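Me: I would like to go through the terms used for this structure and the values behind them. Please set each value against its definition.

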Amino acid sequence: MIQFFNCPGGGRSLTQDANEPPVPIHIVTEPLQLPADFLNPSPEKKLVIGFDCEGVDLCRHGKLCIMQIAFPNAIYLVDVIQGGEMLMKACKPALESAYITKVIHDCKRDSEALYFQFGIRLHNVVDTQIAFSLIEEQEGRRRPLDDYISFVSLLADPRYCGISYEEKEEVRVLMRQDPKFWTYRPMTELMIRAAADDVRFLLYLYHKMMGKLNQRSLWHLAVRGSLYCRCLCCMNDTDFANWPTVPPLPDNLKIGDQFPEEEILSVLDVPPGKMGRVIGRKGASILAIKEACNAEILIGGAKGPPDKIFVIGPVKEVRKAEAILRGRMIDY
């Protein structure tokens, strides 16, 4: 059973059955405060953890302040401000390890911040935003082209958790009022509670979603997670070589003589002044391209890189999207 409990100091937090002891939350400022199995990834002790990041304008140019790591029996809040480079260096092997599965909702900006601020190539993720879309597709439902499920909406979906996460919006309001919200030390009770709540149910969601995904969708999930992690970090094709290889296609996915088509990431440069033409009024052009191609199209945007378009999907669909996008960039 999943329910709310009232917290001292106001607001509402997420927890599990009221009869269960609360999961301890550890604030980490030194590497040895983290579990040894996390610090020393091993094929003999594979782990699945919930993972998230908080910061100021989280991206390549922002400031990473906290990393949240959820284990079944504890939550660790890695204080990047207090622990600094030494702490992040100690976490690097785990975040890059194939032996530790990182369950995260929308990995793109977190991965970008880790890569540009600390040289960490986030690897082996299960992105619950991607998993949700694959389950919808698998069950014959197609999401609107411009709609990506938020973490709050995913938690509220009765097929998964069916819980309200009102405090998330309270924190968002505070962050809009004070963008430095996550930088203050010592962390307030609200900061600790909000950071922990962002990973508290990720492992629950992981097991729920894994039970719904078929083998083909699981392969797509692994591939797209890998490509999404690097999409805002690779500025050209040569950068791909520095990242782990994309998961190969398993033999058991062959149907007759046909395998699912390989999925790739393509990075396009947009000439100065042409991004508006590519996007179109209220995003109409991008939506039309998505409608014509079975590919994901992402734009660096204001957080950067502002002059890049990232296309992810099956090879033929990516090439089709590239041709249409290049056509939009040409002066008539």
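Me: Why is strand E11 (residues 308–314) called largely enclosed by the rest of the structure?

Reply: The model is predicted: local features need pLDDT of at least 70 and side-chain atom pairs count only at pLDDT 80 or more, while totals for chains, interfaces and linings use all residues. Residues are numbered from 1 along each chain as its sequence is written, and side-chain values use heavy atoms, with hydrogens and water left out. Buried means under 20% relative accessible area, exposed over 50%, and partly exposed in between (1.4 Å probe, protein chains only). In strand E11, 7 of the 7 residues are buried, so the strand is largely enclosed by the rest of the structure. Strands (E, at least two residues) and helices (H or I, at least four) are DSSP runs, numbered from the N terminus.

Me: What makes E9 (residues 263–269) a partner of E11?

Reply: Two strands pair if DSSP finds at least two bridges between them. E9 and E11 are joined by 7 bridges and run antiparallel, and one bridge sets Leu265 against Ile312 of E11. Strand E10 (residues 296–299) is likewise joined to E11, by 4 bridges and in antiparallel fashion; there, Ile297 stands opposite Val311.

Me: How do you know that Cys59 is buried?

Reply: Cys59 has 0% relative accessibility, so it counts as buried. Cys59 lies in the loop between E4 and strand E5 (63–71). Contact means heavy atoms within 4.5 Å; leaving aside neighbours within four places in sequence, Cys59 is in contact with Arg109, Glu112, Ala113, Gln117 and Lys303.

Me: What makes a set of residues a nonpolar core, and which residues have the most contacts inside the largest one?

Reply: A nonpolar core is a set of buried Ala, Val, Leu, Ile, Met, Phe, Trp, Tyr and Cys residues joined through side-chain atoms within 4.5 Å. The largest has 87 residues, and those with the most contacts inside it are Leu34, Phe38, Met67 and Leu114. Another core, of 16 residues, lies apart from it and includes Cys293, Ile309, Val311 and Ala321. Beyond four places in sequence, the residues that Met67 touches include Phe51, Tyr76, Met88 and Leu114.

Me: What makes a space a pocket, and what is the volume of the largest one?

Reply: On a 1 Å grid over the protein atoms alone, a pocket is an open set of points with protein on both sides within 12 Å along at least five of seven lines, whereas in a cavity a 1.4 Å probe fits but cannot get out; lining residues have an atom within 4 Å of a point. The largest pocket has a volume of about 730 Å³, a volume being the space filled by probe spheres set on the points, which are joined across faces, edges and corners. Of its 27 lining residues, the closest to the centre are Asp52, Cys53, Glu54, Lys168 and Arg172. The largest share of the lining, 6 residues, comes from E4.

Me: Why is Lys282 called exposed, and Asn124 partly exposed?

Reply: Lys282 has a relative accessible area of 81% and is therefore exposed, whereas Asn124, at 25%, counts as partly exposed. Lys282 has a positive phi of about 55° although it is not a glycine, and Asn124 has a positive phi of about 60°, again without being a glycine. Lys282 is placed in the loop between helix H10 (275–279) and helix H11 (284–292).
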